[in-house]
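Visitor: Got a minute to walk through this model with me? I'd like to begin with the pockets.
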Amino acid sequence: MLSYTHIVMGVSASLALIDPNNKAQSLVVIGAASVGSIASDLDVKINKYSIDALYGRIMVMAILALVALIDMKQRLGIYNYYMDLKGPMLYIGMFSFALVILGCIFSSHRGFSHSFLALGLSTLSLVLIDQLLALAFAIAFFSHLLLDFLNKGKIKLLFPAKAGFCLNLFYSSKIANKIFFVIGCVILVKLLLIYL
């Protein structure tokens, strides 16, 4: 699937499964899920054939900027909460998360970055920082794996094993992508009306 579909589906799934208690939690979920929804595709090198990956990264940066702006304007305390976190677990979590993300960036496409290993390591790293952040990221990351598993391109879910898996149902940029995107948008709009 394309980046915008991964983002919509990942954020929708995270909001629906987490059921945040307030606007601040909702915004944390939206921000973390947007990152988790495209983290698997950080292995895509940007060029004229993979412009979708660039668009996805731009969309996530825009979502994070919007979350920060809402937090600042409405004084929800999200920024202050994360800036006040201290201690060795925070630094271990940040360092290990950065290592996993670097592993994703430098892996072959649909290799390590599309594996349960990457999902587990990144989630464990984020748990050391904040459980809500980790859960939202993990749900969105998993939704990315699930959507790509439906595609015709194999993903290495059990990396470092060399075998790739897919259900071979859809092409990633054809009609199925549009259907999942529309379904995701309908769900996301309903959830945003509830949580924001």
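Guide: Sure, and bear in mind that this is a predicted model. The largest pocket has a volume of about 790 Å³.

Visitor: Which residues are closest to the centre of that largest pocket?
Guide: Ile78, Tyr79, Tyr82, Met83 and Leu133 are the closest, out of 27 residues that line the largest pocket.

Visitor: And which helices supply at least two residues of its lining?
Guide: Those are helix H2 (23-39), helix H3 (51-74), helix H4 (78-84), helix H5 (88-105) and helix H7 (131-150).

Visitor: How many residues of that lining are nonpolar, polar or charged?
Guide: The lining of the largest pocket has 22 nonpolar residues, 3 polar and 2 charged.

Visitor: OK, what about the second largest pocket? How much space lies in it?
Guide: About 250 Å³. It has 16 lining residues, and Met1, Asp41, Val44, Asp52 and His109 lie nearest the centre. The lining splits into 6 nonpolar, 6 polar and 4 charged residues.

Visitor: Which helix gives the largest share of that second lining?
Guide: H3 does, with 3 residues. Helix H1 (3-18) also supplies at least two residues there.

Visitor: How do the axes of H1 and H3 cross?
Guide: At roughly 35 degrees, and the axes come within 8 Å. On the H1 side, Ser3, Tyr4 and Ile7 make the contact; on the H3 side it's Asp52, Ala53, Gly56, Met59, Val60 and Ile63. By type, the residues of this contact are 6 nonpolar, 2 polar and 1 charged. Asp52 also turned up among the residues nearest the centre of the second largest pocket.

Visitor: Switching topic: how many residues are in the largest nonpolar core?
Guide: The core has 44, and Val11, Leu15, Leu126, Leu133 and Phe141 have the most contacts inside it. Residues come in at least twos from H1, H2, H3, H4, H5, helix H6 (116-127), H7 and helix H8 (175-195). H7 contributes the largest share of this core, 10 residues.

Visitor: What does Phe141 touch, leaving out residues up to four places away in sequence?
Guide: Phe141 touches Gly36, Ser37, Ala39, Ser40, Ser113, Ser115, Ala118, Leu119 and Ser122.

Visitor: And what lies apart from the largest core?
Guide: Another core, of 6 residues, including Met1, Met9, Ala176 and Phe180. Met1 is also one of the residues nearest the centre of the second largest pocket.

How values were computed:
Residues are numbered from 1 along each chain as its sequence is written. This is a predicted model: local features need pLDDT of at least 70, side-chain atom pairs count only at pLDDT 80 or more; totals for chains, interfaces and linings use all residues. Side-chain values use heavy atoms; hydrogens and water are left out. On a 1 Å grid over the protein atoms alone, a cavity is a set of points where a 1.4 Å probe fits but cannot get out, and a pocket is an open set with protein on both sides within 12 Å along at least five of seven lines; lining residues have an atom within 4 Å of a point. Grid points are joined across faces, edges and corners, and a volume is the space filled by probe spheres set on the points. Helices (H or I, at least four residues) and strands (E, at least two) are DSSP runs, numbered from the N terminus. Ala, Val, Leu, Ile, Met, Phe, Trp, Tyr, Cys and Pro count as nonpolar, Asp, Glu, Lys and Arg as charged, and the others, Gly among them, as polar. A nonpolar core is a set of buried Ala, Val, Leu, Ile, Met, Phe, Trp, Tyr and Cys residues joined through side-chain atoms within 4.5 Å. Buried means under 20% relative accessible area, exposed over 50%, partly exposed in between (1.4 Å probe, protein chains only). Contact means heavy atoms within 4.5 Å. Axes are lines fitted to C-alpha atoms, for helices over the stretch in contact, and angles run from 0 to 180 degrees between N-to-C directions.
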